[in-house]
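Here's a quick briefing for anyone meeting this structure for the first time. Have a look at the model, then read on.

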Amino acid sequence: MDWLCFGFLFTTGNCRFNFKNPFSNCWQSDHFVDFIFRNEQRINALNFANDDGTTNKVIIMTRTYRNITKTKQCERFYNLSPRICIYDLDGTVINSSHRATHDENGNIDLSDWKAKSTKDLIFQDSLMPLYCQLQEDYKNGDMIIICTARELSKWDYEFIHFYNIYYDRIISRPKGNDTSDSILKKSQLRYLFNLPQYRNILKVFYDDNPSNLSAIGSLGATVVDARRYA
Ligand SMILES: [Mg+2]
């Protein structure tokens with residue numbers, strides 16, 4: 001009924017009113033769509049006005065929430081106060097120990113790792129207990145960030161999607177980069193602790209590497225040693 005009233009008001013307000021077909025101008029001029037569009041704009045304007053991310057807490061949460069809704073991979077609670085949960089893959093969510101070699105500091109031997117990143121070997125990996133926590137957090141509407149020191153290949157993504165390792169964002173090692181894991185992850189995750197839309201949100205970091213835990217812990221995250229759950 002509201003729409004009918006709108007159509008009537010719009011068409012009667014037009015000086016070239018077509019009495020034979022009162023709704024013709026409404027549809028021809030596409031003002032119906034424009035009306036909906038402007039209405040949506042008004043809603044957005046209310047939600048994101050003064051969107052400089054510095055003062056309005058509601059706006060900051062809305063932006064985070066809006067980012068999360070872009071990546072719905074399963075039924076998910078619309079959590080308006082999401083946490084940010086950052087998960088490592090190897091030794092945390094995925095058991096890939098059969099193809100990994102590490103140095104004494106727990107950093108991965110990159111050249112050996114790349115040589116063993118074939119489809120056959122990747123699909124011999126298995127899931128670890130924290131995988132259930134990741135799924136639980138995702139369904140609870142928390143923002144899930146996978147942060148891995150792997151250089152991800154097509155088969156890595158295939159494994160992640162095949163086993164429903166849900167995520168909102170994946171951060172991985174850039175191609176050709178051989179920075180040590182903790183320095184790399186610290187620089188890649190720093191934006192979460194600096195940008196206004198994220199910095200006041202609780203961040204939980206799951207990893208099995210002590211250097212990574214202390215690096216991200218020093219940024220201000222709550223760290224969870226994944227070796228306790230292995
Ligand atoms: Mg690891």
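At what angle do helix α9 and helix α11 pack, and how far apart are their axes? Helix α9 (residues 181-194) and helix α11 (residues 210-219) pack at about 25°, and their axes are 9 Å apart. A word on the source: this is a predicted model, where local features need pLDDT of at least 70, side-chain atom pairs count only at pLDDT 80 or more, and totals for chains, interfaces and linings use all residues. Residues are numbered from 1 along each chain as its sequence is written.

**The helix pair**
- α9 and α11 are therefore roughly parallel to each other (angles under 35 degrees count as such).
- Residues of α9 that meet α11 include Leu189 and Phe193, and on the α11 side Ala215 and Ile216 are among the partners.
- Sorted by class, that contact of α9 with α11 has 5 nonpolar, 3 polar and 4 charged residues.

**The core**
- The largest nonpolar core (buried Ala, Val, Leu, Ile, Met, Phe, Trp, Tyr and Cys residues joined through C-beta atoms within 7 Å) has 31 residues. Buried here means 20 or more other C-beta atoms within 10 Å of a residue's own.
- Among the elements that each supply at least two residues of this core are α9, α11 and β1 (84-87).
- Ile86 is one of the residues with the most contacts inside the core; leaving aside neighbours within four places in sequence, its contacts include Ile145, Leu189 and Phe205.

**An unusual phi**
- Most residues other than glycine have a negative phi.
- Asn164, though, has a positive phi, near 55°, and is found in the loop between α8 (154-162) and β5 (169-171).

Conventions. Axes fitted to C-alpha atoms, helices over the stretch in contact; angles between N-to-C directions. Helix = DSSP H or I, 4+ residues; strand = E, 2+ residues; numbered from the N terminus. Parallel < 35°, antiparallel > 145°, perpendicular 65-115°, else oblique. Contact = placed C-beta atoms within 7 Å. Nonpolar A, V, L, I, M, F, W, Y, C, P; charged D, E, K, R; others polar. Buried ≥ 20, exposed ≤ 12 C-beta atoms within 10 Å, placed from the backbone.
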